[in-house]
Amino acid sequence: MIEGVILAGGMSRRAGSNKLLWTVGDQTLIEHAVCGMRPFVNRIIVVTGAYHEAIAKQLEGFKDLIVINNEHHVAGMFTSVKKGLSCSAPDSHVMLLPGDCPWVQASTYEMMIQSRTTMA
């Protein structure tokens with residue numbers, strides 16, 4: 001099983017507003033991140049923080065996706081990594097993605113999956 005953890009707990013201080021809800025084309029950045037990862041994982045865990053309610057609302061209706069709140073997001077991104085990993089299945093492989101870097105090419109996901117199977 002492969003799960004995805006998308007880190008979405010930041011405060012977007014430099015951006016001035018919640019950049020994960022900025023629209024590019026017909027989707028928000030967080031939706032682009034989810035849709036790009038979706039074909040390659042069994043489940044996606046989105047770890048929020050500062051904008052938990054707004055991001056959770058934006059992602060309502062996505063299948064095989066859970067949104068969890070990292071209450072300790074102000075202590076840094078690694079707390080969100082730990083929170084996401086703690087919610088993943090014990091026997092799963094996990095791909096991590098910062099939510100504000102949504103345009104990972106399909107070939108990159110495929111190479112990561114391929115390297116997992118050749119290393120096992």
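**Entry 1: disulfides**

I began with the cysteines of this predicted model. How many disulfides does a search of the whole structure find? My search came back with zero. I then looked up cysteine 101, and its sulfur has its closest cysteine sulfur in cysteine 35, 17 Å away, which is too far for a bond. A disulfide is, after all, a covalent bond between two cysteine sulfurs. For the record, cysteine 101 is partly exposed, at a relative accessible area of 40%. I noted cysteine 87 as partly exposed too, with 27% relative accessibility.

**Entry 2: the sheet**

Next I went to the strands. I found an open sheet of four strands, ordered β5-β4-β1-β6, with parallel pairing. Which strands sit at the edges? They are β5, residues 65-69, and β6, residues 93-98, and each of them pairs on one side only. I also looked up the twist: neighbouring strands are turned by 20° against each other on average, with direction ignored.

**Entry 3: strand β1 and its partners**

I spent some time on β1, which covers residues 2-8. Six bridges join β1 to β6, and the two run parallel. On the other pairing, β1 is joined to β4 by six bridges, again in parallel. For the register with β6, I wrote down glutamate 3 opposite valine 94 and isoleucine 6 opposite leucine 97. Towards β4, glutamate 3 stands opposite arginine 43.

Is β1 enclosed or open to the outside? I counted seven of its seven residues as buried, so the strand is largely enclosed by the rest of the structure. I then sorted the side chains by direction. In a regular strand they alternate between the two faces of the sheet. Here Ile2, Gly4, Ile6 and Ala8 point one way, while Glu3, Val5 and Leu7 point the other way, and all are buried.

**Entry 4: helices across the sheet**

I checked which helices lie across these strands. Helix α1, residues 29-37, lies across β1, β4 (43-48), β5 and β6. The angle of α1 to β1 is about 170°. Helix α3, residues 77-87, lies across β1, β4, β5 and β6 as well. I noted its angle to β4 as about 145°.

**Entry 5: salt bridges**

How many salt bridges does a search of the whole structure find? I got three.

I looked first at arginine 43 and glutamate 3, whose side chains meet at 2.7 Å, N to O. Arginine 43 belongs to strand β4 and glutamate 3 to strand β1, so this pair ties together parts 40 residues apart in sequence. I was pleased to meet these two again, as they also stand opposite each other in the sheet. Buried or exposed? Glutamate 3 is buried, with a relative accessible area of 1%, whereas arginine 43 is partly exposed at 23%.

Then I turned to lysine 19 and aspartate 100, where the salt bridge has an N to O distance of 3.0 Å. Lysine 19 is in the loop between β1 and β2 (23-24), and aspartate 100 is in the loop between β6 and α4, so the pair ties together parts that are 81 residues apart in sequence. I found lysine 19 partly exposed, with a relative accessible area of 22%. Aspartate 100 counts as partly exposed at 35% relative accessibility.

Finally I took lysine 83 and glutamate 71, whose closest N and O atoms are 3.4 Å apart. Lysine 83 lies in helix α3 and glutamate 71 in the loop between β5 and α3, so here the linked parts are twelve residues apart in sequence. Lysine 83 counts as partly exposed, with 22% relative accessibility.

**Entry 6: aromatic rings**

My last search, over the whole structure, was for aromatic pairs, and there is one. Which residues form it? The partners are phenylalanine 40 and tyrosine 109, with 5.1 Å centre to centre and 20° between the planes. The pair counts as stacked because planes under 30 degrees apart are classed that way.

Where do the two rings come from? Phenylalanine 40 lies in the loop between α1 and β4, and tyrosine 109 lies in helix α4, residues 106-119, so the contact ties together parts 69 residues apart in sequence. I closed with accessibility. Phenylalanine 40 is buried, with a relative accessible area of 15%. Tyrosine 109 is buried as well, at 3%.

Conventions
Residues are numbered from 1 along each chain as its sequence is written. This is a predicted model: local features need pLDDT of at least 70, side-chain atom pairs count only at pLDDT 80 or more; totals for chains, interfaces and linings use all residues. Side-chain values use heavy atoms; hydrogens and water are left out. Two strands pair if DSSP finds at least two bridges between them. Axes are lines fitted to C-alpha atoms, for helices over the stretch in contact, and angles run from 0 to 180 degrees between N-to-C directions. Contact means heavy atoms within 4.5 Å. Rings of Phe, Tyr and Trp (its six-membered ring) pair if their centres lie within 6.5 Å; planes under 30 degrees apart count as stacked, over 60 as edge-to-face and the rest as tilted. Buried means under 20% relative accessible area, exposed over 50%, partly exposed in between (1.4 Å probe, protein chains only). A salt bridge is a side-chain nitrogen of Lys or Arg within 4 Å of a carboxyl oxygen of Asp or Glu. A disulfide is a pair of cysteine sulfur atoms within 2.5 Å.
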